[in-house]
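User: I have this structure open and would like to know what stands behind the labels people put on it. Could you take my questions step by step?

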Amino acid sequence: MNETPRRPLAVAIMGPTASGKTAAALAIAERIPAEIISVDSALVYRGMDIGTAKPTREERAAVPHHLIDIIDPLDAYSVAQFRTATLQLVDDIVTRGRLPLLVGGTMLYFKGLVDGLDDLPGADPAIRAELEDDAARLGWPAMHARLATLDPETAARLKPNDAQRLQRALEIIRLTGRPMSELLALRAPEALPFELLSFALEPQDRAVLHARIARRFDLMLEDDALLDEVDHLRRRGDLHPGLPSMRCVGYRQAWEYLDGRIDRAALRETGIIATRQLAKRQLTWLRSMPDRIVIDCLAPDAPAQILARLPAQF
């Protein structure tokens with residue numbers, strides 16, 4: 001009897017912001033031949049280094065990194081683009097005899113990779129412009145109420161101020177005449193061509209993670225590093241706060257400060273709060289992933305715990 005060929009292995013290292021994912025991946029790559037695939041929707045942007053806590057040049061020289069600095073902040077990067085690139089990268093890395101490490105906290109990317117892509121229509125600039133005009137006149141909470149009458153299932157999982165996702169859900173209804181929840185339910189799952197062993201770095205004590213978040217944001221503000229970075233981006237003249245890149249945590253608050261809308265104290269407070277809210281959303285996503293192996297991100301031997309759970313060939 002012919003045995004089914006064993007699928008190659010890739011390892012996911014997920015976790016909330018400031019949980020030490022990059023450090024853990026680098027420590028693992030010191031012990032075994034590995035390459036890192038970034039699973040982070042902010043690290044894709046060139047010129048956004050400070051606010052994204054991008055791996056340093058030295059770290060990226062020590063271990064090959066992928067999907068970092070691949071697009072301009074003016075452009076968008078979709079889940080579909082991420083999935084296509086990652087499938088090819090995993091195949092290439094395995095061919096080189098190394099272990100692919102998928103490292104990051106953009107849970108939508110992980111979900112798109114594992115569950116496959118939806119068959120939703122592409123963006124329509126005219127409809128989006130109409131929806132933005134409606135939102136400017138009525139407010140996003142009113143747009144959320146509109147969505148609740150048309151697609152209550154999607155509205156129930158979106159916050160009233162989640163402009164990007166509300167706009168997309170309403171756009172899909174305009175384009176197809178059907179709610180997004182119905183279209184997503186019709187999606188057939190796509191099996192990955194590799195085995196994905198998933199680890200989640202989660203804090204046993206969330207207060208310690210919050211302290212890490214505050215300390216990291218303070219470091220970003222030190223010597224005005226983050227403000228100088230955002231000021232440099234603003235001076236290009238073609239970027240604006242509505243872009244996905246400029247809505248990243250930290251960049252949005254720094255832009256408001258440079259606009260004179262908030263003071264330095266509010267910049268720090270709102271930046272830390274927004275980062276903590278991001279971490280909370282990431283942890284909520286992680287709890288919905290039953291196959292993950294949970295590692296305490298505060299444990300000093302977290303990388304060793306991951307290594308101990310890898311198959312014998314590593």
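**Reasons behind the labels**

Analyst: Happy to. A good place to begin is a polar contact of 2.8 Å, which joins the side chains of Glu 35 and Arg 96. Please keep in mind that the model is predicted.

User: What makes the pair Glu 35 and Arg 96 a polar contact?

Analyst: The cut-off for a pair of N or O atoms is 3.5 Å, one able to donate a hydrogen and the other to accept it. The side chains of Glu 35 and Arg 96 come to 2.8 Å, so the pair counts as a polar contact. Glu 35 has a second such partner, with its side chain 2.9 Å from that of Arg 98.

User: Why is Glu 35 called buried or exposed?

Analyst: Buried means under 20% relative accessible area. Glu 35 has 2%, so it is called buried. This residue sits in strand β2, residues 34–38. Beyond its sequence neighbours within four places, Glu 35 is in contact with residues including Val 63, His 66, Ile 93 and Leu 101.

User: Thanks! Which residues does UniProt mark as a binding site?

Analyst: The UniProt record, an unreviewed entry, puts the feature "binding site" at Thr 17, Ala 18, Ser 19, Gly 20, Lys 21 and Thr 22. Ala 18 is in the loop between β1 and α1 (21–31), and Ser 19 is placed in the loop between β1 and α1 as well.

User: How do you know whether Ala 18 is buried or exposed?

Analyst: The value for Ala 18 is a relative accessible area of 10%. The limit for buried is under 20%, so Ala 18 is buried. Leaving out residues up to four places away in sequence, Ala 18 touches Leu 209, Arg 212, Ile 213 and Arg 216.

User: And why does Ser 19 count as buried?

Analyst: Ser 19 has 1% relative accessibility and therefore counts as buried. With residues up to four places away set aside, Ser 19 touches Leu 201, Leu 209, Arg 212 and Cys 297. A polar atom of the Ser 19 side chain also lies 2.6 Å from the backbone oxygen of Pro 16.

User: What makes β1 a mostly covered strand?

Analyst: Strand β1 spans residues 9–14, and 6 of its 6 residues are buried. Leu 9, Val 11 and Ile 13 point one way, while Ala 10, Ala 12 and Met 14 point the other way.

User: How do you know that β1 pairs with β5?

Analyst: Pairing takes at least two bridges between the strands. β1 and β5 (residues 195–202) have 6 bridges, in the parallel sense, so they pair. Between β1 and β4 (residues 99–104) there are 4 bridges, again parallel, so that is a pair too. Ala 12 shows both sides: it stands opposite Ser 198 in β5 and opposite Leu 102 in β4.

User: Which residues have the most contacts inside the largest nonpolar core?

Analyst: That core has 51 residues, and those with the most contacts inside it are Met 14, Leu 102, Phe 110, Leu 226 and Tyr 251. Elements that each supply at least two residues of this core include β1, β5, α12 (251–258) and α13 (264–287). Another core, of 23 residues, lies apart from it, with Leu 9, Leu 101, Leu 201 and Cys 297 among its members.

User: What does Met 14 touch?

Analyst: Setting aside neighbours within four places in sequence, Met 14 is in contact with residues including Lys 21, Phe 110, Ser 198, Leu 286 and Arg 292.

User: Which residues of α12 are buried, and what covers them?

Analyst: The buried ones are Tyr 251, Gln 253, Ala 254 and Trp 255. Their cover includes α11 and α13. Just after α12, Gly 260 has a positive phi of about 80°.

User: Why is Ala 53 called partly exposed?

Analyst: Buried is under 20% and exposed is over 50%, with partly exposed in between. At 31%, Ala 53 falls between those limits and so is partly exposed. Ala 53 lies in the loop between β2 and α2 (57–62), and its phi is near 55°, a positive value in a residue other than glycine.

User: Where is Asp 69 found, and what makes it partly exposed?

Analyst: Asp 69 is in the loop between β3 (65–66) and α3. Its relative accessible area is 25%, so Asp 69 is partly exposed. The phi of Asp 69 is near 60°, also positive in a residue other than glycine.

Key: Residues are numbered from 1 along each chain as its sequence is written. This is a predicted model: local features need pLDDT of at least 70, side-chain atom pairs count only at pLDDT 80 or more; totals for chains, interfaces and linings use all residues. Side-chain values use heavy atoms; hydrogens and water are left out. Buried means under 20% relative accessible area, exposed over 50%, partly exposed in between (1.4 Å probe, protein chains only). A nonpolar core is a set of buried Ala, Val, Leu, Ile, Met, Phe, Trp, Tyr and Cys residues joined through side-chain atoms within 4.5 Å. Contact means heavy atoms within 4.5 Å. UniProt positions are given in the numbering used here, feature names are shortened, and annotations may be inferred rather than shown by experiment.
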